[in-house]
Amino acid sequence: MSLSYELYDVVQMKKPHACGENRWWIIRMGMDIRLKCLGCQHSVLLPRAKCDRAIRKILEHREGNHVD
Ligand SMILES: [Zn+2]
């Protein structure tokens with residue numbers, strides 16, 4: 001299965017973050033993908049292949065004007 005997630009999509013991860021949230025927001029796309037946890041605002045940089053495996057599904061598209 002290949003996921004066609006895009007910049008500013010909110011995605012559901014297979015495993016919840018340490019804070020208990022499993023929704024992350026894609027805030028940068030490139031060779032690596034930067035995701036921000038919607039629970040605790042922590043952000044991580046993942047290689048695309050790893051990101052593909054970690055995402056369960058795409059939930060929504062959210063406009064990118066809330067990045068702090
Ligand atoms: Zn978190």
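**Exercise 1. A bridge in the hairpin**

Which residue in β4 is the bridge partner of aspartate 32?

*Solution.* The model is predicted. Start with the two strands. β3 covers residues 32-37, and β4 covers residues 43-47. They pair in the antiparallel sense, over five bridges. Now find the partner: aspartate 32 bridges to proline 47. Another bridge joins leucine 35 to valine 44 in β4.

**Exercise 2. The turn**

Find how many residues lie between β3 and β4, and describe glutamine 41.

*Solution.* Step one: β3 and β4 form a hairpin, with five residues between them. Step two: glutamine 41 sits in the loop between these strands. Step three: check its backbone. The phi of glutamine 41 is positive, about 70°, although the residue is not a glycine. Most residues other than glycine have a negative phi. Step four: check its surroundings. Glutamine 41 has 11 other C-beta atoms within 10 Å. A residue with 12 or fewer counts as exposed, so glutamine 41 is exposed.

**Exercise 3. Another positive phi**

Place tyrosine 8 in the chain and state whether it is buried, partly exposed or exposed.

*Solution.* Tyrosine 8 belongs to the segment before β1, which covers 9-13. Its phi is positive too, about 75°, and tyrosine 8 is not a glycine. Now count neighbours: 18 other C-beta atoms lie within 10 Å of tyrosine 8. Buried needs 20 or more, and exposed needs 12 or fewer. Tyrosine 8 is therefore partly exposed.

**Exercise 4. From elements to sheet**

Write down the order of elements along the chain, then the order of strands in the sheet.

*Solution.* First, count: the chain has one helix and five strands. Along the sequence the pattern reads β-β-β-β-α-β. The radius of gyration is 11 Å, close to the 11 Å of the globule rule for 68 residues, so the chain is as compact as a globular protein of that length. Next, read across the sheet. The order is β4-β3-β2-β1-β5. The sheet is open, and the pairing is antiparallel. Then find the edges. β4 and β5 each have a single partner strand, so one side of each has no neighbour in the sheet. Last, the twist: it averages 35° from one strand to the next.

**Exercise 5. The core**

Which residues make up the largest nonpolar core, and which strands each supply at least two of them?

*Solution.* The core has 10 residues. They are Tyr5, Val11, Trp24, Trp25, Ile26, Ile33, Leu35, Cys37, Cys51 and Ile55. Now match them to strands. β2 (23-28) and β3 (32-37) each supply at least two. Over the whole chain, buried residues make up 16% of the 68 residues.

**Exercise 6. Tryptophan 25 and arginine 56**

Set out the contacts of both residues, leaving aside neighbours within four places in sequence, and say how far apart the two are.

*Solution.* Take tryptophan 25, a member of the core. Beyond its sequence neighbours, it contacts Val10, Leu35, Lys36, Leu38 and Arg62. Now take arginine 56, in strand β5 (residues 55-61). With the same neighbours left aside, arginine 56 contacts Gln12, Met13 and Lys14. Arginine 56 is exposed, with 12 other C-beta atoms within 10 Å. Finally, the distance: arginine 56 and tryptophan 25 are 31 residues apart in sequence and 13 Å apart in space, C-alpha to C-alpha.

Notes
Residues numbered from 1 in each chain as written. Predicted model: local features only at pLDDT ≥ 70, side-chain atom pairs only at ≥ 80, totals over all residues. Helix = DSSP H or I, 4+ residues; strand = E, 2+ residues; numbered from the N terminus. Rg over C-alpha atoms; globule rule 2.2 N^0.38 Å. Core = buried A, V, L, I, M, F, W, Y, C linked by C-beta atoms within 7 Å. Contact = placed C-beta atoms within 7 Å. Pairing = 2+ DSSP bridges. Axes fitted to C-alpha atoms, helices over the stretch in contact; angles between N-to-C directions.
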